[in-house]
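User: Can you walk me through the ring contacts in this one? I'd like the reasoning behind each label.

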Amino acid sequence: MDACLLFATELYALPILRPLAAAAQRAGQRVGWVVPEAVTDYLREDELRLRSARAVRELAPQAVFCAANWVPPAFPGAKVQVFHGFNAEKREPGRGHFRLRGFFDLYCTQGPATTAPFEALAREHRYFAVAETGWPKLDPLFAPPPDAPSLRPADGKPVAMYAATFTESLSSARAMLETLAVLTARGDRHWLLTLHPKCDPELIARYRALVGPFARFLESDRLLDMLRAADVLVCDTSSVIDEFAVQLKPVVTLRNRRPKPFMLDVQEPMQVDSAIDTALSHPPTLMQALAEHAAAIHPYRDGRASERVLAATSRLLAGGYGPLARKPLNLWRRWQASRDVRLLLPD
């Protein structure tokens, strides 16, 4: 490939796509970004934002890498899905992680748990290929750069991280506020807090108000720094759980939709404190379940998922997956995509 395009519709896409951009540049490729205005301020000086459809055409990317559920069909190049998260099982399979929308030529899956279902869908629909690559977002988690910032305090106290899903019906953010106000002020642990950037601004403001000597609130673009620093995660039903669990670190969940053996799931906020203590003691049964889960969802710990995504894309472009059928027309979704991209890129 000579050039590629990174399509990031939300702030959380930046840490997913940046390792891929870096790998592409190391391979000598030109890289451009298409992002909305709300994300522009978070781009770095060396990240080229393309501001028009003409600029995209001039880049002439052979591939478009996307962490959203859609991608503009009119963009040149193969459309590659790298996913915005793990399969958190918030919805039934046909409406959630495995829902097909007809936009992509290649799905780069994270591990065996999602590869097999996508391969079955590929055999059925025949218009896309599947490659198990691991997830680019986790490359810096397993192979952090030398200048990666550390959020760990110097006093040796344990670090707890709190994150919540954006889905209101499954979110613990409101229920946990009062409990977190007590736990973050107590001083026996350090806390790293974050919420989805599209959460209710008033709710985000209330979480920011928890900041103090033992608590920090960080935006989602610092998620990897938080994951590296924390000893235990407190969450609900979110793909952040799997991002944390692949490090073989314990997770406490509040009313998870489908609790699994590797989680310490509780039903009430007041139970979270003691569950954290249990998690930090690393019970052997829990840790074994955690290791088995990590192997199923993301067995790669070499920090080279981005290189595998690029290799799979090159294979796709070379016809290495065999002839693919035409994508479905999906006129309504294509119209929606065309409308939305016009808001991002004037012609």
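User: What makes Arg-315 a charge over the face of Tyr-321?

Analyst: A charge sits over a ring if NZ of Lys or CZ of Arg is within 6 Å of the ring centre and within 35 degrees of the ring normal. Arg-315 is at 4.1 Å from the ring centre of Tyr-321 and lies over its face. Bear in mind that this is a predicted model: local features need pLDDT of at least 70, side-chain atom pairs count only at pLDDT 80 or more, while totals for chains, interfaces and linings use all residues. Numbering runs from 1 along each chain as its sequence is written, and side-chain values use heavy atoms, leaving out hydrogens and water.

User: How many aromatic pairs does a search of the whole structure find?

Analyst: Twelve. Rings of Phe, Tyr and Trp (its six-membered ring) pair if their centres lie within 6.5 Å; planes under 30 degrees apart are stacked, over 60 edge-to-face, the rest tilted.

User: Why is the pair of Phe-104 and Tyr-107 called edge-to-face?

Analyst: The centres are 5.8 Å apart and the planes make 70°, so that angle falls in the edge-to-face range.

User: And what makes Tyr-107 and Phe-118 stacked?

Analyst: Here it's 4.9 Å centre to centre with 25° between the planes, so stacked fits. Tyr-107 lies in strand β5 (residues 106-109) and Phe-118 in helix α4 (residues 112-125), so the pair ties together parts eleven residues apart in sequence. Helices (H or I, at least four residues) and strands (E, at least two) are DSSP runs, numbered from the N terminus.
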